[in-house]
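Grab a coffee and have the model open in your viewer. Here are a few exercises to work through, each with a solution.

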Amino acid sequence: MKLSQFKFNLPDSLIAHTPAGTRDEARLMVLHKDSGKIEHKIFRDVLDYFDDKDVMILNNTKVFPARMYGNKEKTGATIEVFLLRELNKELRLWDVLVDPARKIRVGNKLYFGDDDLLIAEVVDNTTSRGRTIRFLFDGTDEEFRRNVEILGETPLPKYIKRKATPEDKERYQTIFAKHEGAVAAPTAGLHFSRELMKRLELKGVEFAEVTLHVGLGTFRPVEVEDLTKHKMDSEQFIIEQKQADIVNRGIEAKKRICAVGTTSMRAIESAVSASKTLKPANDWTSKFIFPPYDFSIANSMITNFHTPESTLLMMVCAFGGYENVMHAYEVAVKEKYRFYSYGDAMLMI
């Protein structure tokens, strides 16, 4: 398929800049894959579509406060430093993006916080905006993390045109987040409240957790018309045996297996055994899913509404059927569903 086939007109007014009042009160569009039928619900109605021994696969990655602001030595210029991932814990080496990048060269020092709570030195150029920096910090790892927590901001995507607030610290994080390492939230999971999860549990729904640390590649635009030439960024994922067993029991019993979010889907599709079951893994994936694609594990999916021409929309089209999904998106625009990270959700069954 071609990039231009994933274009649609999205008015700016439909981009959600704040979350719904309550997590499970976002709107929910239900798309029936076989018939193309569409229902309009509230997210907590997801309860009506799942039953005893059905499985929901959740991404339990935890977003860390990755956006920091430092001052360059001598000039005092403010530089945004976006922490991508830790390269070496002992040496405190990090892969980062800097903005404005032209001002930052190897050897420059950056000072963070009013009392220089953290100081970093640029040790390498990786891309036009990418740098490797080393934090010059002698304390424990716990103290270092605490300082990053104090200095860092919730890394809201750039299309949310406002500063991060204390509320974002809680709302741009799923309630089941456990393992720190993501710089973007697995947003489909943001709609689950504790009460809804309890009610699903009481109904007999099982939860299997996987970890995929979402990177900034999730927002990277596709710049080639021929999709086979697009390369995805690698992301680390972990699937434990116990969690794979929960999913495989569900597959064996022919139950509904629901991937909550594109990140959960990418993780499980990167760990398929020869017998089309889920296997444990601790690896990196750069899997790019676009139509046509034969899914092995999940037979239903929950996801948010995505950007035109994004890899996320392409995966959703592969799962729900290209015509079905593009029509559903037309309906979503007409019905004024809210799009992107803090927006509404879609269940495909």
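The exercises below go from the whole chain to one strand and then to one glycine.

**Before you start**

This is a predicted model, where local features need pLDDT of at least 70, side-chain atom pairs count only at pLDDT 80 or more, and totals for chains, interfaces and linings use all residues. Residues are numbered from 1 along each chain as its sequence is written, and side-chain values use heavy atoms, with hydrogens and water left out.

**Exercise 1. Size up the protein chain.**

Step 1: Start with the secondary structure, which comes to seven helices and 17 strands. Helices (H or I, at least four residues) and strands (E, at least two) are DSSP runs, numbered from the N terminus.

Step 2: Check the radius of gyration, taken over C-alpha atoms; the globule rule is 2.2 Å times the number of residues to the power 0.38. For 349 residues a compact globule would come out near 20 Å, and the protein chain has 21 Å, so the two agree.

Step 3: Look at the box, too: along the principal axes, the C-alpha atoms fill roughly 65 × 45 × 40 Å.

Step 4: Now ask about burial, where buried means under 20% relative accessible area, exposed over 50%, and partly exposed in between (1.4 Å probe, protein chains only). Of the 349 residues, 55% count as buried.

**Exercise 2. Find the neighbours of strand E7.**

Step 1: Locate E7 at residues 93-99; six of its seven residues are buried.

Step 2: Look for pairing, which needs at least two DSSP bridges between two strands. On one hand there is E6 (residues 78-88), antiparallel to E7 and joined to it by seven bridges. Here Phe 82 has Leu 97 of E7 as its bridge partner.

Step 3: Go through the hairpin of E6 and E7, with four residues between the strands, and you'll meet Arg 92 with a positive phi near 55°.

Step 4: Then turn to E10 (residues 130-135), which runs antiparallel to E7 with five bridges. Asp 95 stands opposite Thr 132 of E10.

**Exercise 3. Is Gly 320 buried or exposed, and what is it in contact with?**

Step 1: Find Gly 320 in helix H6 (residues 311-320).

Step 2: Gly 320 counts as buried because its relative accessible area is 3%.

Step 3: List its contacts (heavy atoms within 4.5 Å). Skipping neighbours within four places in sequence, Gly 320 touches Lys 33, Val 325 and Met 348.

Step 4: For scale, Gly 320 and Glu 86 are 36 Å apart, C-alpha to C-alpha, and 234 residues apart in sequence.
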